[in-house]
Structures are given as structure tokens and as C-alpha cells.
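Subject: Structure handover

Hello,

Here is the structure you are taking over. My notes on the helix contacts, the strand pairing and a few local features follow it.

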Amino acid sequence: MTQPAAATPTGTVTVRVPAKVNVQLSVGGLRPDGFHGLANVFLAVGLYDSVSATRAEEPRLTVSGPDAALVPQDRTNLAARAAELLAERHGLAPDVHLHIAKDIPVAGGMAGGSADAAGALLACDRLWGLNTPREELLALCAELGSDVPFSFAGGAALGEGRGEVLTPLEVGGAFHWVFAVADGGLSTPDVYRECDRLRADDDVPEPVASEALLAALRAGDAQALAGALRNDLQPAALSLRPSLAETLNTGLAAGALAALVSGSGPTCAFLAADADSAARTAHTLTASGTCRAARATTSPAPGATVV
Ligand code: ATP
């Protein structure tokens, strides 16, 4: 039986959570459990959602931001599921008003839903005065989805297994990025299915993290990182959305060191040599009409943080 939360702090708790880009996404063959083995190097980037939790009579969820209409506002929202999971573990009623101020592209390959789940978990934990140890919160994150532990942790990490077994990585300096946001999203399961279809007869090697890429991150060397970026889902995303090739080429022509599709797309990521080059690339991409908007930012970004 659920009970109301014990005496806890009142008011609202707001948590800021970052988007991610996969600087390496190596996808193994389809496993019998329906997942793919991955070597997944995540980097948190400075685009954020904010999740606020306020006491309420019953569970409620609202979303603001230009893409709010694309986000489910019922119990299927990953943030609502995070609140329910935490409440259930502590025998509490999930009576909370969650508000998501959404800036991460929806269905954009930047783990926006996972970020909101990580944010809701931390916000509710603090609102309800639970102060759950970090390791336990990370375990709850893994129950919610493969990308949720990284959204919680931020920084940079190697994800293995389905992506949820995380090893934090050292990053030797800031990297400059531009993200070209597309109109409309891509469904992650559809992109994996297309990847399997395109590789049907190929011998798919066991995915392993690239030593060159990890060394580039450690050194904070953008030029070296540019040469090591890899996304095995990119051919599938381009097959489903051929117009992305033009976006990638436009950013490269504007001077980006490298371009790749972010995760399952359709957001395109451009690595720039410095802040000036990132600003120029963003300007060119916006003016080109090959994307809805282009945003310059840096990485690594911190994980879920109470503000
Ligand atoms: P990933 O990079 O982890 O594959 P994504 O960034 O491509 O994910 P999301 O923005 O997480 O995609 O959204 C994927 C789908 O999840 C959406 O189309 C939406 O229906 C659903 N969803 C559930 N909760 C949320 C949320 N809080 N924010 C956005 N989408 C959500």
C-alpha cells in the first residue's frame, strides 16, 4: 500500500540535465534478447532540459518549450515513469507535479527523454527528502532505460552491454560543437531496424571502444577526436532521412573539423576547432535552410544537477 511521503522539504526542486552526443557508437549484431551489443562513448553537451518537481494532490506532468506538443504528457513520459519507480521503491504515492522545460530536441538522437527521466528521479528524490545514495539512483536509472544512467552522470563515459554499464572517462579539455536540429524526429527502434536491414549479410564484428578516440578525449585534442568519430547508425539514419547528407556537407563546407549524425539522429553534430569556428558554422547552417536551427555549445557538460 502506498502512503503519503513523510515530512519532507516543501517547495519546488529543479534539476538541470544535459543532452548527449555519441562520439563513438559501434553497434554489434542483434542479440537473442533483441538488443544490440554496443561500444558507446557518450559525451554530455551543453544543451539542457530542466525538470521541476512540486508537491501535488495527484500525479501531474506539464511540458513547455517549442516542441512541447511532441512530448507525451501522460504516464508514458519517461519522467513520470521515473517518479513512479522511485515512489514505488519507497512505498510512497507518486503525487508530484513534474514540469519539463524542454530545450533538447525531441526524438533527435540526443537522449532527451532519458535526460528527463534522470532529472525527475533526482528532483523527486530531493523533494521527498529521500537522499538515496548515488549508486542506488544509478541502478534505478538503468531500470528506466539504457541511456538514463549516462544522462544522470554526465561528463564522458564508455557504455557497454546495452549501453547501461558505464565507465567514466577522463576528458582533457573543452570541445566545441554545433548541433543542427532537424524538423521532425526519427524513431530509435526504426533506425536500429534499418541498420540491421542494411547490414543483413555482413559479418558484424564485436564492438570495442577505439583507443585512438579515448586518447583524443584524454588529451582534449579536437583534431584527433575529429579523425576518430564513428557512428554505425549513421548509414541507417541517412537511409531513412537522405536530406541529412546535405546538412552534414553544409557544416563541413563551413569549416567544421568533422560531422556526424548524433546517435539515431536526425540531429547532426559538428566538431569545431574553437568557439569562433563553431559560431561561424552555426551561422552558416542556420542560413542554409538545411536544418531548423543550429546551436553552438561545448562539452563535457555536468550530469543531473539541482539548481
Ligand atoms: P535516444 O537518443 O535516447 O535514442 P532520442 O533523443 O532520439 O532518444 P527522445 O527525445 O528521448 O529521443 O524521445 C523519443 C520518444 O520518447 C519520443 O518520440 C516520445 O514519444 C517519447 N518520450 C517519452 N518521454 C519523453 C520525454 N520526457 N521527452 C521526450 N520524449 C519522450
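Two strands are counted as paired if DSSP finds at least two bridges between them. Strand 2 and strand 4 (residues 96-101) meet that condition, with six bridges in the antiparallel sense. Please keep in mind that this is a predicted model.

Strand pairing around strand 4

Within the pairing of strand 2 with strand 4, Val51 has Ile100 of strand 4 as its bridge partner. Strand 4 also pairs with strand 3 (residues 60-64); here the strands run parallel and are joined by five bridges. Leu61 is bridged to Leu98 in strand 4. Strand 4 is followed by a loop that leads to helix 2, and Ala107 lies in this loop. The phi angle of Ala107 is near 50 degrees, which is a positive value in a residue other than glycine.

Helices 1, 2 and 3

Two packed helices are described by the angle between their axes and the distance between the axes. For helix 1 (residues 78-89) and helix 2, the angle is about 35 degrees and the axes are 7 Å apart. Their crossing is right-handed. From helix 1, the contact takes in Leu78, Ala79, Ala82, Ala83 and Leu86; helix 2 meets them with Gly113, Ser114, Asp116, Ala117, Ala120, Leu121, Cys124 and Asp125. By class, the residues in this contact of helix 1 with helix 2 are nine nonpolar, two polar and two charged.

Helix 2 (residues 112-127) also packs on helix 3 (residues 134-144), where the axes come within 10 Å and cross at roughly 140 degrees. Helix 2 is therefore oblique to helix 3. The crossing of helix 2 past helix 3 is right-handed. Ala117, Leu121, Leu122 and Asp125 of helix 2 make this contact with Leu137, Leu140, Cys141 and Leu144 of helix 3. Seven of the residues in the contact of helix 2 with helix 3 are nonpolar, none is polar and one is charged. Ala117, Leu121 and Asp125 of helix 2 appear in the contact with helix 1 and also in the contact with helix 3.

Aromatic pairs

There are two aromatic pairs in the structure. One of them is Phe42 with Phe150, a stacked pair with 4.7 Å centre to centre and 10 degrees between the planes. This pair links distant parts of the chain, since Phe42 belongs to strand 2 (residues 36-55) and Phe150 to helix 4 (residues 148-153), 108 residues apart.

The four-stranded sheet

An open sheet is formed by four strands in the order 9-10-7-11, with antiparallel pairing. Strand 9 (258-261) and strand 11 (293-299) are at the edges with a single partner strand each, so one side of each has no neighbour in the sheet. On average, and with direction ignored, neighbouring strands of this sheet are turned by 25 degrees against each other. Strand 7 (residues 175-181) and strand 11 pair over seven bridges in the antiparallel sense. Phe175 is placed opposite Ser299 in strand 11.

Ser299 is also joined to Pro300 by a cis peptide bond, with omega about -5 degrees. Pro300 sits in the loop between strand 11 and strand 12 (305-306). A cis peptide bond is also found between Gly265 and Pro266, with omega about 5 degrees. Pro266 is in the loop between strand 9 and strand 10.

Helices 9 and 10

Helix 9 lies across strand 7, strand 9 and strand 10 (268-272), and runs at about 10 degrees to strand 10. Helix 9 (residues 244-253) also packs on helix 10 (residues 275-288): the axes come within 9 Å and cross at roughly 140 degrees. Helix 9 and helix 10 are therefore oblique to each other. Helix 9 passes helix 10 in a right-handed crossing. Thr247, Thr250 and Gly251 of helix 9 are in contact with Thr281, Thr284, Leu285 and Ser288 of helix 10. By class, one residue in this contact of helix 9 with helix 10 is nonpolar, six are polar and none is charged.

Regards

How values were computed. Residues numbered from 1 in each chain as written. Predicted model: local features only at pLDDT ≥ 70, side-chain atom pairs only at ≥ 80, totals over all residues. Heavy atoms only, no water. Axes fitted to C-alpha atoms, helices over the stretch in contact; angles between N-to-C directions. Helix = DSSP H or I, 4+ residues; strand = E, 2+ residues; numbered from the N terminus. Parallel < 35°, antiparallel > 145°, perpendicular 65-115°, else oblique. Left-handed = near helix turned anticlockwise from the far one by under 90°. Contact = heavy atoms within 4.5 Å. Nonpolar A, V, L, I, M, F, W, Y, C, P; charged D, E, K, R; others polar. Phe/Tyr/Trp six-rings, centres within 6.5 Å; stacked < 30°, edge-to-face > 60°.
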